[in-house]
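Here is a short tour to read with the model open beside you. Have a look at the sequence and the fold before moving on.

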Amino acid sequence: MRKPLIAGNWKMNLDGAGATALARAISDASPSYGKIDLLVCPPFVYLKTVGSVLNGGAALLGAQNMSHEKSGAFTGEISASMLKDCGATHVILGHSERRHIYKETDADMNKKTLAAHAAGLVPIVCVGELLEEREAGRTAEVIRTQFDGSLAGVSAELMAATVIAYEPVWAIGTGKVATPQQAEEVHADLRKLIAERYNAATADQVRILYGGSVKPDNAAELLGQPNVDGALIGGASLKAEDFLAIAAAG
Ligand SMILES: O=C[C@H](O)COP(=O)(O)O
């Protein structure tokens, strides 16, 4: 039985006071959500502050990106060990904003995924198709290519601990949510792919999150799909009330 994971990606939002207040509101409420894992992913500079508010409580701490390099002359980059040092347990990798704005590739994702696992961080590997790819009937092909490229060389044991986030690019920040059937179709195909590449037991353990315009009013139906194991939430994770309402639907 997979435990649902409800993750908030705060992206490049909030200031120190806002991050602290949001973390406090989530932390105060989170003991009531013991049947799910809650995760918040603030900007790098607020990791320690948010972590100290969460204080090892019911919400976990994650980052939004990392370098695959261990250390050295990489100006502006952050390593996996630095994230761990700040208390992070998870890291989002390959978000479509990284792929499309910063031109990160599946090969980059692969290096980062392997580096995250080597450091003991749980990678949340994002995949998702563009609208034109969906309209051309290429969704499954695009997702499978991203999966294979991003996860090459990951052992079955580490695959079981990896989180996949399916985020159709056309649904991110647009208010155009995938229907529960569209989400379930891709999630089921991803689980089938994991069984093909690894085995059924591994596929059964991997948590596959849906992301893209998840809100309190659409969360229950999405999270009710058999292969949807949680959500990666952008905009709605910036309001404690909305984030917690989505968590309650999980
Ligand atoms: O990482 C989160 C996704 O990009 C979804 O963002 P959104 O909930 O604002 O559509």
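## Strand β6 and its neighbours

A good place to start in this predicted model is strand β5, residues 122-127, which runs parallel to β6 and is joined to it by four bridges. If you would like a landmark for that pairing, take C126: its bridge partner in β6 is A165.

On to the next pairing: β6 also pairs with strand β7 (residues 207-211), again in the parallel sense and over four bridges. Here V163 stands opposite R207 of β7. Strand β6 itself spans residues 163-166, and both of its faces are covered. V163 and A165 are buried on one side, while I164 and Y166 are buried on the other.

## The whole barrel

Zooming out, these strands belong to a closed barrel of eight, in the order β1-β2-β3-β4-β5-β6-β7-β8, with parallel pairing. On average, neighbouring strands of this sheet are turned by 25° against each other, with direction ignored. As a reminder, strands of a sheet pair through backbone hydrogen bonds, either parallel or antiparallel.

Where do β1 and β8 come in? Strand β1 (residues 5-9) and strand β8 (residues 230-233) run parallel and are joined by four bridges. One pair to pick out is I6, whose bridge partner in β8 is A231.

## Around the ligand

Now for the ligand, which has 14 residues around it. Of these, N9, I172, G211, G234 and G235 come nearest. Two of the names tie back to the barrel: N9 falls within β1, residues 5-9, and G211 within β7, residues 207-211.

What classes of residue make up this shell? Eight are polar, five are nonpolar and one is charged.

## Two helices that cross

Next, turn to the helices. Helix α7 covers residues 139-151 and helix α9 covers residues 180-197; they pack with their axes 11 Å apart, at an angle of about 45°. That angle makes α7 oblique to α9. The crossing of α7 past α9 is right-handed.

## A loop residue to finish

Last stop: D15, found in the loop between β1 and α1, the helix of residues 16-29. Is D15 buried or exposed? D15 is exposed, because 11 other C-beta atoms lie within 10 Å, and a residue counts as exposed at 12 or fewer.

To place D15 against the rest of the chain, compare its position with that of H187. The two are 172 residues apart in sequence and 35 Å apart in space, C-alpha to C-alpha. H187 falls within α9, residues 180-197.

Conventions: Residues are numbered from 1 along each chain as its sequence is written. This is a predicted model: local features need pLDDT of at least 70, side-chain atom pairs count only at pLDDT 80 or more; totals for chains, interfaces and linings use all residues. A residue is near a molecule or strand if its C-beta atom, placed from the backbone, lies within 6 Å of it. Ala, Val, Leu, Ile, Met, Phe, Trp, Tyr, Cys and Pro count as nonpolar, Asp, Glu, Lys and Arg as charged, and the others, Gly among them, as polar. Two strands pair if DSSP finds at least two bridges between them. Axes are lines fitted to C-alpha atoms, for helices over the stretch in contact, and angles run from 0 to 180 degrees between N-to-C directions. A residue is buried if 20 or more other C-beta atoms lie within 10 Å of its own, exposed if 12 or fewer, and partly exposed in between; C-beta atoms are placed from the backbone. Angles under 35 degrees count as roughly parallel, over 145 as roughly antiparallel, 65 to 115 as roughly perpendicular and the rest as oblique. A crossing is left-handed if the near helix is turned anticlockwise from the far one by less than a right angle, and right-handed if clockwise.
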